[in-house]
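Work through the sheet below, strand by strand. Each task is followed by its solution.

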Amino acid sequence: MDLTNRDVREITMSKKPNKEKLLDKVKDEKLVKSKILTLPILIIGFLVIVFGAYMFYTMTHMHVTSKTETSTVKTSSGSEKASSSTKKYVAGKDYKITYNNTDLIDKSTITKALDANGLNDINDLMDTSEDGGDMAKVEVYYNKDKNLLVERLFKNGYSGNQDSARVVYDISQGKIPDNGADTDSHYLDLPLVYTWEKLTK
């Protein structure tokens, strides 16, 4: 079969457009495939962001909740010790505080000594439970020569002038002395500088 130049030209010309069509078709298929692959990636990315935001919210909320629970536990344990967390004791009605001889010693020194022994916690002093202070009265005497404060503690039900316990606070050391000091003689003939007294029965 003889092929003329014209036939060859027609064959080659007809093949060229077919190749271009095929290339265009392949390119279109690649675009479609890449779009199809991009869609799941976008969906997964969106889900990861939503899930991450949810986890962040949950963890933050749990942290706030645990903080609240912790503070609630602390408050409730404190309230157990103080018999009632809502109970507010009022000075002049439930108890009375009197400072004497303020020219001898300042109130801040007395307060520091009372804090060191937990005798500034009104709730604890008023608490009559087993864990509470169960106090009726606290007296503090000042020994200027030895730079000591002698705290006499009177529990509910005390009789006469008989204290239930005595604590010595060394002002120069800022603490209760390690040896405990001789508490029997330290308060005799000393000036009374502070009194806390329970008024309610």
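**Exercise 1: the first strand**

Task: find how β1 is joined to β5.

Solution: β1 and strand β5 (residues 192-198) run antiparallel, joined by 5 bridges. Strands are DSSP runs (E, at least two residues), numbered from the N terminus. Two strands pair if DSSP finds at least two bridges between them. Take K96: its bridge partner in β5 is E197.

The model is predicted, so local features need pLDDT of at least 70 and side-chain atom pairs pLDDT 80 or more, while totals for chains, interfaces and linings use all residues. Residues are numbered from 1 along each chain as its sequence is written, and side-chain values use heavy atoms, without hydrogens and water.

**Exercise 2: the partners of β2**

Task: trace the pairing of β2 with β3 and with β5.

Solution: Start with β3. It pairs with β2 in the antiparallel sense over 8 bridges. Y142 stands opposite L149 in β3. The two strands, β2 and β3, form a hairpin with 4 residues between them. In the turn, N147 has a positive phi of about 55 degrees.

Now β5. Its pairing with β2 is antiparallel, over 5 bridges. Here Y141 stands opposite L192.

Last, burial. Of the 9 residues in β2, 9 are buried (under 20% relative accessible area, 1.4 Å probe, protein chains only).

**Exercise 3: the whole sheet**

Task: give the strand order and explain why β1 and β4 each have a side without a neighbour in the sheet.

Solution: The order is β1-β5-β2-β3-β4, an open sheet of 5 strands with antiparallel pairing. β1 (95-99) and β4 (165-170) stand at the edges; each has a single partner strand, so one side of each lacks a neighbour in the sheet.

Key:
Buried means under 20% relative accessible area, exposed over 50%, partly exposed in between (1.4 Å probe, protein chains only).
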